[in-house]
Amino acid sequence: MGRYFRRKLLIYLLTFFAAVSINWMIPRLMPGDPIRALIGRAALRAEAADKVAEYFSRIYGLDQPAWRQYVNFWTSLFKGDLGISIYLSPKPVTQVIRDSIPFDLGLLIPAILCSWIVGNKFGAFAARRKRLDGIVLPIWYVFTATPYMWLAILLAYVFGVLLGIFPIAGAYSFAISPSLSISFILNYLKHWFLPFLSLFIVQLGGWAIGMRNMIIYELEADYSRYMESLGAPRKLIRRYAFRNAMLPQITGLALQLGVIVAGAVGTQVVFSYPGIGYLLLQAVMYKDYFLIQGCFLFIVIGVLIANFVIDVIYVIVDPRVRHGMGGETA
Amino acid sequence: MAVSVKNLKIYYQTLRGQVQAVDNVSFDIKDHEILGMAGESGCGKSTFSNSLVLLKPPMKFMGGRVELDGESLPLADFRKMNEFRYKKISLIPQYAMNALNPTRKIGRMIAELLASRGVSFSKISRELDRRLKLVNLNRSVMKMYPFELSGGMRQRAVMVIATLLDPSLLLADEITSALDVSTQKAVAKMLVQFRDMDLVKSLVFVTHDISILYQIADRVLIMYAGKAVEIAPTKKITKEPLHPYTRLLISSLPDVGVKYSERRLAGIKGRPPGLLNPFPGCRFKERCPVRFEKCDKEPPLAEVSENHQVACWREVGNNG
Amino acid sequence: MKKNEFLYFALRNTRMQIGLGIVLFFFAVMIIGPSLTDYDPNEYSGPAFARPSEDHWLGTTFFGQDVFTQIVYGLRATFIVGAVGGGLATLIGLIVGFIAGYKGGILDEILNMLTNIVTVIPTLALLIIIAAYLPYRGVVSQSIIIGCIAWPWTARAVRAQTFSLRSREFVDLARMSGMSSMKIIVQEIAPNMLSYLFMALILQFGGAILAAATLDFIGLGPTEGISLGLMMQNAVLWSAIPLGLWWWALPPGMIIAAIVSALYFMNTGLDEIFNPKLREM
C-alpha cells in the first residue's frame with residue numbers, strides 16, 4: 001500500500017512539475033519575441049498595457065539567464081501570482097479563476113457522480129440480457145460519440161428555444177444577485193439543469209459501455225464459472241461480478257477526468273456558464289495568455305487532486321492493493 | 001450402481017458445424033469407486049466432466065442418459081440441474097487455483113455460497129474445520145483473501161469447498177497437471193482419503209497423465225477423439241492393455257511420474273482427428289499400426305473379459 | 001483461408017455493416033460534395049439565415065454562407081484530423097508500447113512513467129495551451145498536436161499485450177535464433193496483435209475527431225478554412241440557437257456524432273469478429 005501511494009504521488013508530482021514547465025516553456029518556444037507578440041496581439045487598453053508590461057518585465061526578466069527566469073516563475077507561482085488578466089484587467093488571474101471555480105465544481109461533481117453511478121447500474125443490468133442489450137448498447141455508443149457541445153446545443157434548442165422551459169445562458173438571471181434565498185437557489189438550479197443534463201448524458205454512455213464489458217468479462221471469469229458449477233443463483237454471481245467490475249471502473253474514472261474536463265469546456269461555452277471552461281473561451285478570444293495559462297494550471301491541479309481522491313477510494317475498496325499484492329499498480 | 005452413463009452425446013455448436021466432443025459414450029461407476037479418465041487433450045474428457053455440472057452453450061446436449069443413484073439427470077435443463085449441482089454432483093475444476101472470488105474473504109464466500117443453496121454455515125462450521133485439517137489448511141484461511149494463499153493452498157481450499165455437502169459424485173478435472181510430482185502424490189492421497197472417509201461416494205479423476213492413475217484409480221477409462229475406447233481395472237489395463245491406442249499410451253510412458261503430454265505422444269505418429277464431422281469408422285484407424293478393412297466400420301465397446309471392455313475389431317474378432 | 005474467414009464474418013456482422021456504411025456515406029459526401037455545390041464555403045452567397053431550400057440545401061448562416069457547402073468542406077478537415085491525428089496517436093502508442101512491453105526493465109519504467117504523466121494531464125488543456133500560442137494553425141498541424149497527446153491509452157494496451165506475447169514459445173524461438181528485437185517486434189509480435197491494432201486505430205480516429213471538434217469550438221481550430229467544429233462555434237457565437245437557426249446549429253455536430261458513433265459500431269463489430277466468444281451463435 002505504501003509503495004502504491006509513493007508511486008502515485010511521484011507520478012502526480014512529476015505531472016505537476018511537467019505542467020508548470022510546459023507553461024513556462026511554451027511561450028518561449030514560439031517564434032518571435034514573446035512579450036511583443038503578447039502585447040501586440042492582445043487588444044489592450046492603455047492603463048492595462050502598463051500593468052502588463054510591468055508584470056512582464058518582472059516575471060519574464062528576459063535579460064536574466066534562462067534558469068533564473070525559470071526559478072522566478074516557480075517563485076511567483078508559489079506566491080499565488082499567475083499574472084494579471086488582460087480581459088478582466090486589472091484583476092489578478094488567480095482571483096478570476098477562484099471566482100469561477102464554485103460553478104465548475106457545482107456542475108462537474110454532480111454530473112460525474114450521477115453518470116458514473118447510473119451508468120454502472122444500467123450497464124450491469126443490461127449486460128448478458130440479450131434483448132435489452134441489443135437495444136440499449138447502440139444508444140450508449142451514440143451518447144458517448146456525441147460531442148458535448150453538440151448535445152448542449154441540441155438541449156438548448158429543444159428545451160430552451162422550442163419549448164421555452166429552461167434558460168439557456170448564464171448560471172443565474174442578471175436581475176437576481178447571489179444569496180441563499182429560495183428564489184435564488186431555484187433560479188440557479190433552473191440554469192444548472194441543462195448543462196448538467198448534457199454532461200450527464202454523454203458520460204452515461206461511456207460508463208454503461210464500460211460496465212457492460214467489464215461485467216461480461218467477470219461473468220466469464222473462472223470464479224464465476226465455478227460458482228455456477230456449484231449451482232449458485234444468478235443473483236449471487238452477478239453481485240460478485242458487479243463488485244469486481246466496479247474496481248476497473250473506478251480506475252476508469254481517474255482516466256476519464258481529462259476528457260470530462262474537455263466536455264465541460266464545450267458545455268459551458270454553449271450555455272455561457274461562468275466556469276473555467278467559459279473563462280477559457282473568453283481568454284482565447286481576447287488572447288489573454290495569462291488567463292489561458294492560469295486556467296491550464298488550475299485544471300491540471302484539479303485533475304490531480306481528483307486523481308488522488310480516487311486513489312484513496314481505490315485502496316479502500318480493493319483488498320489486493322490494501323494488502324500490497326498488486327492490483328492496479330500504475 | 002452409483003452412476004450410469006448411457007450413449008451420452010455432447011457436441012459443441014460452432015459456426016462451422018458441430019464438434020462431436022463426447023460421442024456415444026457409455027460406462028458405469030460403482031459406489032465407492034474412483035474412476036480414472038485419461039486421454040490426450042481434446043479427447044472429450046474435460047467436456048464430459050463439464051457437461052455434468054455446467055452444460056451451457058456452445059456445449060449442446062445431443063442425447064443419452066446419465067443416472068445418479070437411480071435418478072436420471074436433467075442435463076439439458078440448466079435450471080433443473082441446479083438441484084443436483086453441488087449437493088449431488090460437485091467439481092474440482094482444472095482452474096481450481098483461480099476458482100475463488102478474488103475480492104471476498106474465503107470464509108465469507110463459503111457462507112454466502114452455502115446460504116444461497118439453503119445450507120446454514122453455522123451448522124456446517126465444525127465439519128468445515130475438520131476438513132480443512134484433512135487437507136492441511138489452518139482455520140485462519142477463512143479470514144483471508146484468495147491472493148493471500150499460495151496456489152496449492154487455494155486448490156486445497158477448493159477441494160474442501162467442493163466436497164462440503166458430501167456429493168455422490170465428485171469430478172476432479174486435471175487437478176494435478178500444474179503440480180510437481182510430490183504435490184501430485186499428496187493431492188491424490190487426499191482424494192483417496194476423502195473417498196475412504198465417505199465424504200464423496202464416487203469420484204471421476206480426469207487427467208492426461210496416466211501415471212498418476214496408478215496411485216489413485218480403481219478402474220481406468222481411456223478416451224480417444226470423443227469415444228471411450230477401453231475400460232478396465234487399473235492393474236489389468238496397465239498389465240495387458242488391449243486397444244492399440246492404450247498400448248501405445250502405456251508403452252510410451254518411460255517411467256511413472258513423467259508427463260508424456262509435454263511432447264506429443266512420442267510413439268504414436270500423427271495427431272487425433274478433428275471432431276468437426278469426423279470420418280466414419282474407428283477414429284484411431286489413421287494412426288493405428290494394426291488396422292484392417294473392418295476398421296472402416298465403427299467398433300462397439302464390447303466386453304472381452306470380465307470387467308474389461310474395449311472398442312477394437314481385433315479384440316472383438318478374437319472373442320467372437 | 002483464415003483471411004477469407006475473417007472477411008466473411010466481417011461482412012456479415014450487422015454492426016460492422018451499419019458503421020462502415022455510415023462512414024463510407026460521409027466519405028462519399030466529402031468526395032462528391034464539392035461538385036454538387038456552386039458556392040465557396042466562406043462566400044456570402046445568399047440571403048442571411050435562409051431556411052433550407054432548393055438553392056441552399058441546408059439553408060444559410062447568419063452571414064448568408066451556404067451551410068451545405070461548409071459541411072462538405074468541413075468533412076474534409078474531419079477526415080484529415082481522424083486519419084492523421086488518429087494514425088499518429090496509434091503509431092506513437094505502438095512504438096512506446098512495443099518498446100516498453102518487449103524490452104522491460106528500466107526503459108519500461110521510464111516509458112511507463114511518461115505514459116502515466118501524459119495520461120494524467122488533461123489532454124484538452126494541454127492542447128489549448130499549445131494551440132493558443134501557435135500564430136498559424138492548419139488542419140494538419142492540429143492533427144499532429146492531437147496525435148502527440150492522445151497516444152497513452154494505446155501505449156498501455158499495446159504494452160500489456162506485448163508483455164503477454166513476449167513470453168510465448170514462438171517469440172522465444174525467434175530470440176534464440178538470433179533475431180534482433182526490432183525484427184521480432186515487427187515479424188513476430190505485431191502480426192499477432194493486428195486485429196487489436198486495427199481496433200485501436202479506429203478508436204483513435206474517432207477520438208481525434210472529437211478532440212479537434214472541441215478545439216475548433218473554443219476558437220483554437222484552423223485559422224483559415226472551415227471545419228465542423230468551427231461551424232458549431234460560429235453558430236453558438238452568432239446566436240443561432242436563440243434565433244432558432246437549427247439548420248445551422250444542429251447538422252455539424254450531428255454529423256460528427258454520426259461518424260464517431262459509426263466508428264465505435266465498427267469497433268464493437270470487429271470485437272465480435274475477432275473474439276469468437278462474443279459471436280452470436
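Q: What makes the elements of chain C run α-α-α-α-α-α-α-α-α-α-α-α-α from the N terminus on?
A: Chain C of this predicted model has 13 helices and 0 strands. Helices are DSSP runs of H or I with at least four residues, strands are runs of E with at least two, and both are numbered from the N terminus. Residues are numbered from 1 along each chain as its sequence is written, and chains are lettered from A in the order in which they are written. Local features need pLDDT of at least 70, while totals for chains use all residues.

Q: What share of the 281 residues of chain C count as buried?
A: In chain C, 51% count as buried, which means that 20 or more other C-beta atoms, placed from the backbone, lie within 10 Å of the residue's own.

Q: Why are β2 and β5 of chain B called edge strands?
A: The open sheet of 4 strands in chain B has the order β2-β1-β4-β5, with antiparallel pairing. In it, β2 (17-29) and β5 (71-72) each pair on one side only.

Q: How do you know that β4 of chain B pairs with β5(B)?
A: Two strands pair if DSSP finds at least two bridges between them. Strand β4 (residues 59-68) of chain B is joined to β5(B) by 2 bridges, so the pair qualifies. The two strands run antiparallel, and B:Glu67 stands opposite B:Ser72 in β5(B).

Q: Which strands does helix α1 of chain B lie across?
A: Helix α1 (residues 45-53) lies across β1 (3-14), β2 and β4 of chain B. The helix runs at about 80 degrees to β2(B), on a scale from 0 to 180 degrees between N-to-C directions of axes fitted to C-alpha atoms.

Conventions: Predicted model: local features only at pLDDT ≥ 70, side-chain atom pairs only at ≥ 80, totals over all residues. Buried ≥ 20, exposed ≤ 12 C-beta atoms within 10 Å, placed from the backbone. Contact = placed C-beta atoms within 7 Å.
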